[in-house]
Amino acid sequence: MNASAILQDEDNMTLEEKLAAIDKAMKNAQAQANEEAAARGTSAAPIDPASLTICDGCE
């Protein structure tokens, strides 16, 4: 997940706006994971926010 895509023009965003944007991104990521799991016929696990802070190659 790219923080620049979530926090646009972050110098002008309040802390509350930043937290709301992060919360929305997490909800969208969970919804996407749920859809992908449903397409595979499996149940989706909750997304760990820490997994969004490291690159895929490092996981």
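**View 1. The whole chain contains 2 helices and 0 strands.** Helices (H or I, at least four residues) and strands (E, at least two) are DSSP runs, numbered from the N terminus. This is a predicted model, in which local features need pLDDT of at least 70 and side-chain atom pairs count only at pLDDT 80 or more, while totals for chains, interfaces and linings use all residues. Residues are numbered from 1 along each chain as its sequence is written, and side-chain values use heavy atoms, with hydrogens and water left out. Of the 59 residues of the chain, 14% count as buried. Here buried means under 20% relative accessible area, exposed means over 50%, and partly exposed lies in between (1.4 Å probe, protein chains only). The chain has an accessible surface of about 4700 Å², and 53% of that belongs to carbon and sulfur atoms. Accessible areas come from the Shrake-Rupley method with a 1.4 Å probe; for residues, only the protein chains shown count as cover.

**View 2. Helix H2 has the span expected for its 26 residues.** H2 covers residues 15-40. At 1.5 Å a residue, H2 should span 38 Å, and its end C-alpha atoms are indeed 38 Å apart; the expected span is 1.5 Å times one less than the number of residues. Look along H2 for its buried residues: Ala21, Ala25, Ala29, Gln30 and Ala37. Just after H2 comes Gly41, with a positive phi near 80°.

**View 3. The largest nonpolar core brings together Ile6, Leu7, Met13, Ala21 and Ala25.** This core has 5 residues in all. A nonpolar core is a set of buried Ala, Val, Leu, Ile, Met, Phe, Trp, Tyr and Cys residues joined through side-chain atoms within 4.5 Å. Now focus on Leu7: leaving aside its neighbours within four places in sequence, Leu7 is in contact (heavy atoms within 4.5 Å) with Met13, Lys18, Ala21 and Ile22.

**View 4. Leu15, Leu19 and Ile22 form a nonpolar patch on the surface.** Together these three residues have about 290 Å² of accessible area. Patches are made of residues with over 30% relative accessible area and no salt bridge; like charges are joined within 9 Å, and nonpolar side chains (Val, Leu, Ile, Met, Phe, Trp, Tyr) within 5 Å. Ile22 sits in helix H2 and counts as partly exposed because its relative accessibility is 40%.

**View 5. Lys27 and Asp23 form a salt bridge.** A search of the whole structure finds 1 salt bridge, meaning a side-chain nitrogen of Lys or Arg within 4 Å of a carboxyl oxygen of Asp or Glu. The closest N and O atoms of Lys27 and Asp23 are 3.4 Å apart. Both residues lie in H2, 4 residues apart, which is about one turn of the helix. Lys27 is exposed, at 54% relative accessibility, whereas Asp23 is partly exposed, at 39%.

**View 6. Residues of H2 can be paired with residues further along the chain.** Asn34, in helix H2, has its C-alpha atom 8.0 Å from that of Ala45, 11 residues apart along the chain. Asn34 is partly exposed, with a relative accessible area of 36%. Ala31 also belongs to H2, and the C-alpha atoms of Ala31 and Ala44, 13 residues apart along the chain, are separated by 9.4 Å. At 35% relative accessibility, Ala31 is partly exposed. Finally, find Ile47 in the segment after H2: Ile47 and Gln30 are 17 residues apart in sequence, yet 6.1 Å apart in space, C-alpha to C-alpha. Ile47 is partly exposed, at 22% relative accessibility.
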